[in-house]
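Good morning, everyone. I have one structure to walk you through today. Please put it up on the screen.

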Amino acid sequence: LNLISSTTVGAVTNFTINDCFNATYTNYMIVITNLMANEDGNLRMRLTNGGNSENSANYRFAGTGFDRGGSARTYSGHDNTSFNISNSADGDDANSGTFGIYFISSPFLSGNPRKNITGHYKNSHTGGNSIDATYNFAGTFEVSNYSADGLFFFCDGSGADFRSGNTSTGKGLIKIYGISDS
């Protein structure tokens, strides 16, 4: 693994991580450490090129998991304008966040019409009193001749923004690694 980017998220409505994908690597790992919203909602991600987020309806995804009470949690989307990378995240609790590890394949290769992403994450679910939930996630962004060089993150809750992160407490940190082929 080769560290490419380390971003601490401030108290913002959305943010972009530019220039984290290039021709050096085919596959990447994204580690999200306790990314927190200030209102209940879904944490969303789009691919970007040149700082412009791609919001065409070509994102497809599915997630399945369980909460600590044993209740099944599933969600999916087809022809969406973003990936839902953390479903029903609890924003009412100032200590609840999303922790996840995601892998994305070929984001920079324009000749590959499918940008695949998979991962596993834990969040505090909005189902009541910060219910811990764990999910497996998979998605595809399908557009011909698109080369992604970055990521755009936002929350879709009513009035939701990100809470300010703090690296010393492990809150609101996103690290992106290129995976060597050898």
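How many disulfides does the structure hold? Zero. Keep in mind that this is a predicted model. Take cysteine 20. Cysteine 20 is in no disulfide, and the nearest cysteine sulfur, that of cysteine 155, is 18 Å away. A disulfide needs the two sulfur atoms within 2.5 Å. Now turn it around. Cysteine 155 is in no disulfide either, with the sulfur of cysteine 20 as its nearest, at 18 Å. Are these cysteines buried or exposed? Cysteine 20 is buried, at a relative accessible area of 0%. Cysteine 155 is buried too, at 10%.

Next, the overall fold. What is the secondary structure of the chain? It comes to zero helices and 13 strands. Read from the N terminus, the elements are β from one end of the list to the other.

Now the dimensions. The C-alpha trace spans about 45 × 35 × 35 Å along its principal axes. For 182 residues, a compact globule would have a radius of gyration near 16 Å. The chain has 15 Å, so the two agree. Buried residues make up 48% of the 182. The chain exposes about 7900 Å², and carbon and sulfur atoms supply 44% of that. What about contacts along the sequence? Count the contacts with a separation of 6 or more. Residues 24 or more positions apart account for 75% of them.

Let's go inside. In soluble globular proteins, nonpolar side chains tend to be buried together. Here, the largest nonpolar core has 37 residues. Which residues have the most contacts inside that core? Phe153 and Ile174. Look at phenylalanine 153. Leaving out residues up to four places away in sequence, it touches Ile174 itself, and also Asn14, Phe15, Ile17, Ile32, Arg44, Met45, Ile85 and Phe162.

Now find leucine 43. It is in strand S4, residues 41-49. Leucine 43 counts as buried, at 3% relative accessibility. What is leucine 43 in contact with, beyond its neighbours within four places? Among its contacts are Leu35, Ala37, Phe83, Ile85, Thr98, Phe154 and Phe162. Cys155, one of our two cysteines, is also among the contacts of leucine 43. One more distance here. Leucine 43 and serine 158 are 115 residues apart in sequence, but 12 Å apart in space, C-alpha to C-alpha.

Leucine 43 leads us to threonine 98. Where is threonine 98? In strand S9, residues 98-105. Threonine 98 is buried, at 1% relative accessibility. Beyond four places in sequence, it touches Leu43, and its other contacts include Ile32, Thr33, Asn34, Leu35, Ser86 and Tyr121.

On to the aromatic rings. A pair of rings is described by the distance of the centres and the angle of the planes. How many aromatic pairs does the count come to? It comes to 14. One of the pairs is phenylalanine 83 with phenylalanine 137. That pair is edge-to-face, 6.2 Å centre to centre, with 90° between the planes. Phenylalanine 83 lies in strand S8, residues 83-89, and phenylalanine 137 lies in strand S11, residues 131-142. So the pair ties together parts that are 54 residues apart in sequence. Both of these phenylalanines are buried.

Here is another pair. The rings of phenylalanine 141 and tyrosine 146 have centres 5.4 Å apart. Their planes stand at 65°, so this pair is edge-to-face. Phenylalanine 141 and tyrosine 146 are both buried. Ring pairs also build a cluster, and both pairs I just described belong to it: Phe83, Phe137, Phe141 and Tyr146 are members. Other members include Tyr59, Phe61, Tyr75 and Tyr102.

Last stop, the backbone. Which value does phi of aspartate 19 have? It is near 55°, a positive value in a residue other than glycine. Aspartate 19 lies in the loop between strand S2 (14-17) and strand S3 (27-35). Serine 106 also has a positive phi, about 55°, and is not a glycine. Serine 106 sits in the loop between S9 and strand S10 (114-125). Buried or exposed? Aspartate 19 is exposed, at 58% relative accessibility. Serine 106 is buried, at 6%.

That is the tour. Thank you.

Definitions and conventions: Residues are numbered from 1 along each chain as its sequence is written. This is a predicted model: local features need pLDDT of at least 70, side-chain atom pairs count only at pLDDT 80 or more; totals for chains, interfaces and linings use all residues. Side-chain values use heavy atoms; hydrogens and water are left out. Buried means under 20% relative accessible area, exposed over 50%, partly exposed in between (1.4 Å probe, protein chains only). A nonpolar core is a set of buried Ala, Val, Leu, Ile, Met, Phe, Trp, Tyr and Cys residues joined through side-chain atoms within 4.5 Å. Contact means heavy atoms within 4.5 Å. Helices (H or I, at least four residues) and strands (E, at least two) are DSSP runs, numbered from the N terminus. The radius of gyration is taken over C-alpha atoms; the globule rule is 2.2 Å times the number of residues to the power 0.38. Accessible areas come from the Shrake-Rupley method with a 1.4 Å probe; for residues, only the protein chains shown count as cover. Rings of Phe, Tyr and Trp (its six-membered ring) pair if their centres lie within 6.5 Å; planes under 30 degrees apart count as stacked, over 60 as edge-to-face and the rest as tilted.
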